[in-house]
Amino acid sequence: MQLLLVTTVDEYRKIILRLFDEVEVSGFSVMEIEGFSGSKFNSATWFPAGKAGKKSLLLFSFTVEAKIEQLIRRIEEVNRQKDNYNPIHLAVLPIETFI
């Protein structure tokens with residue numbers, strides 16, 4: 001069992017949900033987040049200076065390794081087909097204890 005983390009822009013919501021369904025990652029959570037890339041922040045106000053953030057998603061799931069490997073391959077394929085400006089990101093964290 002591992003912790004799967006995926007971030008993507010909201011425009012790819014249907015794509016990532018389809019990929020999760022195809023590899024049978026059926027138990028997961030989705031959080032709407034605001035993503036920033038290369039933005040400079042005003043440390044006095046804690047608000048971004050300039051452009052607003054991009055509406056994004058964070059998906060996470062406790063998942064078995066076989067499903068994660070399938071998902072990695074599919075996300076790599078999607079990223080090759082899409083622009084490189086907003087690739088889907090995936091990270092996997094090992095879980096020492098799971099109850």
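This report looks at the nonpolar core of a predicted model and at two residues, Thr8 and Ile88, that meet in space.

## The nonpolar core

A good place to begin is the largest nonpolar core, which has 17 residues. Within this core, the residues that touch the most other members are Val6, Ile16, Leu19, Phe20, Leu71 and Ile88. Two or more residues come from each of strand 1 (2-9), helix 1 (13-22), strand 5 (54-63) and helix 2 (65-81).

As general background, nonpolar side chains tend to be buried together in soluble globular proteins.

## Ile88 and its contacts

Ile88 is worth a visit of its own. You will find Ile88 in the loop that runs between helix 2 and strand 6 (89-94). Is Ile88 buried or exposed? Its relative accessibility is 4%, so Ile88 counts as buried, the cut-off being under 20%.

Setting aside residues up to four places away in sequence, Ile88 touches Val6, Thr7, Thr8, Tyr12, Ile16, Ile75, Val78 and Asn79.

## Thr8, a partner from strand 1

Now follow one of those contacts, Thr8, back to strand 1, where Thr8 is found. Thr8 has a relative accessible area of 4%, and is therefore buried.

Which residues does Thr8 contact, leaving aside its neighbours within four places in sequence? They are Ile16, Ser56, Leu57, Leu59 and Ile88.

## Across the chain

Thr8 and Ile88 are 80 residues apart along the chain, yet their C-alpha atoms are separated by 4.8 Å. Ile16 is worth a look as well: Ile88 touches Ile16, and Thr8 is in contact with Ile16 too.

Technical notes
Residues numbered from 1 in each chain as written. Predicted model: local features only at pLDDT ≥ 70, side-chain atom pairs only at ≥ 80, totals over all residues. Heavy atoms only, no water. Core = buried A, V, L, I, M, F, W, Y, C linked by side-chain atoms within 4.5 Å. Buried < 20%, exposed > 50% of the residue type's maximum accessible area, 1.4 Å probe, protein only. Helix = DSSP H or I, 4+ residues; strand = E, 2+ residues; numbered from the N terminus. Contact = heavy atoms within 4.5 Å.
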